[in-house]
Amino acid sequence: MTALQNLLSSLQSARKRAAGSTTVFLRDVGHGLLEVSHNTLALVGLLIVAVLVFMLSHRDMRQSVEQKALSWLQARHEARTAGTLEALAGLNEPDAITRATASDPRELTRQQAAVASWLSRRYRVAPEPVARLVQEAWTVGAKANLEPTLILAIMAIESSFNPFAQSPVGAQGLMQVMTRVHDDKYEPFGGNHAAFDPVTNLRVGVQVLKECISRAGSLEAGLRYYVGAANLPDDGGYASKVLAEQEHLRQVAAGKSVSITAPLILPTPVTVPATLTGPDAKPVSPGEKSATEQVALAG
């Protein structure tokens, strides 16, 4: 019995010693790992500090790293939000309105507002961009000594107020200017792509029109030059259409009621203008009247 007790006592003592040794071993391993971790973190920290100091002393490298990091973050964000409304919200551009060709029709004069409203309804285009073009036609027309109704009539016949229109021969924009022929006129506006900016196309078109009238000596002949029919026996009714539309716009500007479906036909005869009254005065068509008035325009 005593021998059995001694054996059990020895086993218990051995188990305690083994447990104690294991605990000491594990504690030593833990302390070792902790020390290694501390040393590793310290080393990583030192490396980070060294890299930061190096980058701060090299501005170009710092900017490059910042740009790459920003690009990476943006790419990650775009990948995460792709196909969501949040992705579309990222396309917001508050300054986009500065590129819009539009004006408040309420800011126009009575004549301009009447013309803008009529054109908007006749050609089924928004009143705001038409209002801006009407304003520009009045401003540029005064500087070029051309009637704004003539400028607007040409735009109407040429493109129906489509700023992106292009003819088979390469005439482009509102006034269908031959961009490759008049590329020098677009240089002050930044290049040929300005042909699709409505205001720029209007201004360049007026320059071309003025040159055509000056070369031909009259409005109707100038219109034949403008459409490229100067050396042809017939302009296809182009000049008549422009002058008919100009007459509609004149009447609208004068406060008269003109149907938005009015045909492009010159009414004859018409009231003789005051400048032609006298014993030798006789009724003339709007086209003849315009040609007479171009004495000042061709100068």
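## Arg122 and its surroundings

A polar atom of the Arg122 side chain lies 2.7 Å from the backbone oxygen of Ala262. The backbone oxygen of Ile260 is likewise 2.7 Å from a polar atom of that side chain. A polar contact here is a pair of N or O atoms within 3.5 Å; within protein, one must be able to donate a hydrogen and the other to accept it, and residues adjacent in sequence count only if both atoms are side-chain atoms.

Before going on, a word on the source: this is a predicted model, in which local features need pLDDT of at least 70 and side-chain atom pairs count only at pLDDT 80 or more, while totals for chains, interfaces and linings use all residues. Residues are numbered from 1 along each chain as its sequence is written, and side-chain values use heavy atoms, with hydrogens and water left out.

Now to the whole chain. It has 11 helices and two strands (DSSP runs numbered from the N terminus: helices are H or I with at least four residues, strands are E with at least two). Along the sequence, the order is α-α-α-α-α-α-β-β-α-α-α-α-α. Of the 299 residues, 32% are buried (under 20% relative accessible area with a 1.4 Å probe, protein chains only; exposed is over 50%, and partly exposed is in between).

Three residues are worth a look together:

| Residue | Place | Relative accessible area |
|---|---|---|
| Arg122 | helix H4 | 15% |
| Tyr123 | loop between helix H4 (110-122) and helix H5 (127-144) | 16% |
| His248 | helix H10 | 9% |

Which residues does Arg122 touch, leaving aside neighbours within four places in sequence? Arg122 is in contact (heavy atoms within 4.5 Å) with Glu245, His248, Ser259, Ile260, Thr261, Ala262 and Leu264. With the same kind of neighbours set aside, Tyr123 contacts Ala156, Ser160, Phe161 and Glu245. The C-alpha atoms of Tyr123 and Ser160 are 6.3 Å apart, although 37 residues separate them along the chain. For Arg122 and Ser160, 38 residues apart in the chain, the C-alpha separation is 9.4 Å.

His248 touches Trp118, Arg122, Val258, Ala262, Pro263 and Leu264, not counting residues up to four places away in sequence. Its helix, H10, is mostly covered, with 13 of 16 residues buried. At 1.5 Å a residue, H10 (residues 238-253) should span 22 Å, and its end C-alpha atoms are 23 Å apart, which agrees; the expected span is 1.5 Å times one less than the number of residues. After H10 comes Gly255, with a positive phi near 90°.
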